[in-house]
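Good morning, colleagues. I would like to take you through the helix packing of one structure, and then through its main pocket and two points of backbone geometry.

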Amino acid sequence: MLPGAPRPSVGGAATERAVCVLAPNPSPMTLDGTNTWLIAEPGSDLAVVIDPGPLDEGHLRNVVATAEAAGRRIALTLLTHGHPDHAEGAARFAELTGTPVRALDPALRLGEEGLAAGDVITTGGLELRVVPTPGHTSDSLCFQLPADGAVLTGDTVLGRGTTMVAHPDGRLGDYLDSLRRLQELTVSGGVETILPGHGPVLADARGAVEFYLAHRAGRLAQVETAVEQGLLTVDEVMAHVYADVDRVLWPAAELSVRAQLDYLREHGLI
Ligand SMILES: [Zn+2]
């Protein structure tokens, strides 16, 4: 269990400005399904969507209907990263809403504008700050919602369990830097709540990020020890270090092991 006693349920209003519409794609990797976030300033008739989710017509229409029921029109779509469970529905969603799609990866954009570190989105009086958080993937971003003391983390921090470093695109050194950047936001940036891409909202952002940092450090130490004991192949390290992890998660864990081995080699630790 992550710190912050996460609420067991997913979906619905999470903060004053953020509403979650849960996509119907649950799995061991996506937990309850993808959280599609609708963000709007109180009193504004414009909303921003973060991660339309998979290409599921019913879900995409449900997101539009949820905005409309609150008297709002969707004006902009943002992506935390390009994995299909977050981004596959973006093109269809843009068609349905007539909105541009902004992402770090130019291949995912629809319209003129991209997204870069330090960009501030100001749709309908809202303020969303773009926080670069590579590591899960190289194109991963978080979005800080200062007015609600919240940060939307995509797959960088999940509402349950831990995430994977999707080697070779995702890199462990980047991921640790990104977690430290998020930690800083929780220490001196006013961030108290995590609105993740999967799983429940976390009310103790600092505790969750520090749990993630400790978990990664622990796994890294286990991998380092395994290699020092002569376990040389990825399979051997997996069997030794991830023996406690459900087998269905092994393909993802294997990518994390590869990322950890790269990191240890690059730092001259093995
Ligand atoms: Zn992902």
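What you see is a predicted model. Let me begin with helix 1, residues 57-69, and helix 3, residues 90-97, whose axes come within 10 Å and cross at roughly 45 degrees. That angle makes helix 1 oblique to helix 3. The crossing of these two helices, helix 1 and helix 3, is right-handed. On the helix 1 side, the residues in contact are Glu-57, Leu-60, Arg-61, Val-63 and Val-64, and they meet Arg-92, Phe-93, Leu-96 and Thr-97 of helix 3. Sorted by class, this contact of helix 1 with helix 3 comprises five nonpolar, one polar and three charged residues.

I turn next to helix 4, residues 172-188, and helix 5, residues 205-228. How do their axes lie? The axes of helix 4 and helix 5 come within 9 Å and cross at roughly 155 degrees. Because roughly antiparallel is the term for angles over 145 degrees, helix 4 is described as roughly antiparallel to helix 5. Here the crossing, that of helix 4 and helix 5, is left-handed. From helix 4, the contact draws on Leu-172, Tyr-175, Leu-176, Leu-179, Arg-180, Leu-182, Gln-183, Thr-186 and Val-187. Their partners in helix 5 are Ala-205, Arg-206, Val-209, Glu-210, Tyr-212, Leu-213, Arg-216 and Leu-220. In the contact of helix 4 with helix 5, 11 residues are nonpolar, two are polar and four are charged.

Helix 5 also packs on helix 6, residues 234-241, at an angle of about 125 degrees and with the axes 10 Å apart. With that angle, helix 5 is oblique to helix 6. Helix 5 passes helix 6 with right-handed geometry. Arg-219, Gln-222, Val-223, Ala-226 and Val-227 of helix 5 meet Val-237, His-240 and Val-241 of helix 6. The class count for the contact of helix 5 with helix 6 is five nonpolar, two polar and one charged.

Let us move to the pocket. The largest pocket holds about 520 Å³ of space. How many residues line the largest pocket, and which lie nearest its centre? The lining has 25 residues, and those nearest the centre are Leu-158, Thr-162, Thr-163, Met-164 and Leu-249. Helix 5 and helix 7, the latter spanning 250-266, are the elements that give two or more residues to this lining. Helix 5 gives the most, with four residues. Helix 5 therefore appears in the contact with helix 4, in the contact with helix 6 and in the lining of the largest pocket. By class, the lining of the largest pocket has 11 nonpolar, nine polar and five charged residues.Finally, the backbone. Most residues other than glycine have a negative phi, and most peptide bonds are trans. Where are the exceptions to be discussed here? One is the peptide bond from His-167 to Pro-168, which is cis, with omega near 5 degrees. Pro-168 sits in the loop between strand 10, residues 150-154, and helix 4. The other is Leu-31, a residue other than glycine with a positive phi, near 55 degrees. Leu-31 is placed in the loop between strand 2, residues 18-22, and strand 3, residues 35-39.

Methods. Residues are numbered from 1 along each chain as its sequence is written. This is a predicted model: local features need pLDDT of at least 70, side-chain atom pairs count only at pLDDT 80 or more; totals for chains, interfaces and linings use all residues. Side-chain values use heavy atoms; hydrogens and water are left out. Axes are lines fitted to C-alpha atoms, for helices over the stretch in contact, and angles run from 0 to 180 degrees between N-to-C directions. Angles under 35 degrees count as roughly parallel, over 145 as roughly antiparallel, 65 to 115 as roughly perpendicular and the rest as oblique. A crossing is left-handed if the near helix is turned anticlockwise from the far one by less than a right angle, and right-handed if clockwise. Contact means heavy atoms within 4.5 Å. Ala, Val, Leu, Ile, Met, Phe, Trp, Tyr, Cys and Pro count as nonpolar, Asp, Glu, Lys and Arg as charged, and the others, Gly among them, as polar. On a 1 Å grid over the protein atoms alone, a cavity is a set of points where a 1.4 Å probe fits but cannot get out, and a pocket is an open set with protein on both sides within 12 Å along at least five of seven lines; lining residues have an atom within 4 Å of a point. Grid points are joined across faces, edges and corners, and a volume is the space filled by probe spheres set on the points.
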